[in-house]
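Trainee: Could you take me through one part of this model in some detail? I would like to see how a helix, the loop before it and their surroundings fit together.

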Amino acid sequence: MHLDHAVAQPHRHTHSAAPLRADGTRRALRIGLGGPVGSGKTATVAALCRALRTDLSMAVVTNDIYTREDAEFLLREAVLPPERITAVETGACPHTAIRDDISANLEAVEELEDAFREHAPLDLILVESGGDNLTATFSRGLVDAQIFVIDVAGGDDIPRKGGPGVTTADLLIVNKTDLAPHVGSDLGRMARDAAEQRGELPVAFQSLRGPEGVAPVADWVRRRIAAWTAR
Ligand SMILES: Nc1nc2c(ncn2[C@@H]2O[C@H](COP(=O)(O)OP(=O)(O)OP(=O)(O)O)[C@@H](O)[C@H]2O)c(=O)[nH]1
């Protein structure tokens, strides 16, 4: 079994918000990325921007507790033009801003949509959560699909322990597989536990340091966009 390769498909259709705006135009697909501190959310967002930006009109909203560090990293790396990156400062509780009081994030995605609507309507907005614990999930009023990013260095028992991110995310990424031999994580066990917790929901084993990088996850995003556009 090639665990470095994404196990994809099928996915559930759990969209809650309407794909069309009041004026009949299609809005962008919104995908949220959550997960524990340091698991690789920003690195995955950066890699997705590089992989998809020539084919798609895209933008990113970052959430940090007190800083704009994630947005500054994306700006420094020039993964997208600055006007396509917005930072939301969430205050004390990062999961509140993506789950309970989503107003600041909704405002950010709607402003981005409006800014590009005329000349290059957005196809995709990635919303990155601030690093938080295993319970941080997105409101379905904010995003249409969510990706949960964990990493092998966080311990190979994370999939077994479950939690809403691991069990319900539309895609689970087990990141930094290149580190598995160094930290003694058993990828086979993580795959079995993840399958047990998630049933048919897909899991991608990813190393951004490896030759494949983000490609399998970028393909998953493309399929979501295709399904969104076909609706
Ligand atoms: N070895 C290895 N390192 C990685 C990989 N992906 C990300 N990293 C590194 O892990 C560190 C944390 O990555 P980030 O993308 O900042 O993690 P994050 O989840 O956004 O962190 P917070 O925003 O602080 O929650 C960085 O030094 C990345 O370069 C990977 O696949 N392999």
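Mentor: Happy to; we will start at the loop before helix H1, move on to the helix and its two partners, and end with some residues around them. Please keep in mind that this is a predicted model.

Let's begin with the record. The unreviewed UniProt entry carries a "binding site" annotation that covers Gly35, Pro36, Val37, Gly38, Ser39, Gly40, Lys41 and Thr42. Gly35 sits in the loop that links strand S2 (29-34) to H1, and Gly40 is found in the loop between S2 and H1 as well.

Are these two glycines buried or exposed? Gly35 has 30 C-beta neighbours inside 10 Å, so it counts as buried. Gly40 has 24 other C-beta atoms within 10 Å, and therefore Gly40 is buried too. The cut-off behind both calls is 20 or more.

Now see what they touch, leaving out residues up to four places away in sequence. For Gly35, the contacts are Lys41, Phe148, Val149, Ile150 and Gly165. For Gly40, they are Val149, Asp151, Asn175, Lys176 and Leu208. Val149 thus appears in both lists, and Lys41, a contact of Gly35, is itself covered by the annotation.

Next comes the helix. H1 spans residues 41-52 and packs against helix H9 (residues 215-230) at an angle of about 65°, the two axes lying 10 Å apart. That angle is why H1 and H9 are described as roughly perpendicular to each other. Their crossing is right-handed. On the H1 side, Thr44, Leu48, Ala51 and Leu52 make the contact, and H9 brings Ala215, Val217, Ala218 and Val221. Sorted by class, this contact of H1 with H9 consists of seven nonpolar residues, one polar residue and no charged ones.

H1 has another partner in helix H2 (residues 69-76), where the angle is about 35° and the axes are 10 Å apart. The crossing of H1 and H2 is right-handed. Here Thr42, Val45 and Ala46 of H1 meet Asp70, Phe73 and Leu74 of H2. By class, the H1 contact with H2 counts four nonpolar, one polar and one charged residues. Thr42 is worth a second look, as it takes part in this contact and also lies within the annotated "binding site".

Two residues stand out by their backbone. Most residues other than glycine have a negative phi. Lys176, which Gly40 touches, has a positive phi of about 65° although it is not a glycine. Lys176 is in the loop between strand S7 (171-175) and helix H7, and it counts as buried because 26 C-beta neighbours lie inside 10 Å. Ala78 also has a positive phi, near 50°. Ala78 belongs to the loop between H2 and strand S4 (85-89), and with 11 other C-beta atoms within 10 Å, it is exposed.

Finally, follow the chain on to H7 (residues 180-183), which holds Val183. Val183 counts as partly exposed, with 13 C-beta neighbours inside 10 Å. Not counting residues up to four places away in sequence, Val183 touches Val152 and Ala153. From Val183 to Ser139 there are 44 residues in sequence and 33 Å in space, C-alpha to C-alpha.

Technical notes:
Residues numbered from 1 in each chain as written. Predicted model: local features only at pLDDT ≥ 70, side-chain atom pairs only at ≥ 80, totals over all residues. Axes fitted to C-alpha atoms, helices over the stretch in contact; angles between N-to-C directions. Helix = DSSP H or I, 4+ residues; strand = E, 2+ residues; numbered from the N terminus. Parallel < 35°, antiparallel > 145°, perpendicular 65-115°, else oblique. Left-handed = near helix turned anticlockwise from the far one by under 90°. Contact = placed C-beta atoms within 7 Å. Nonpolar A, V, L, I, M, F, W, Y, C, P; charged D, E, K, R; others polar. UniProt positions renumbered as here; feature names shortened; annotations may be inferred. Buried ≥ 20, exposed ≤ 12 C-beta atoms within 10 Å, placed from the backbone.
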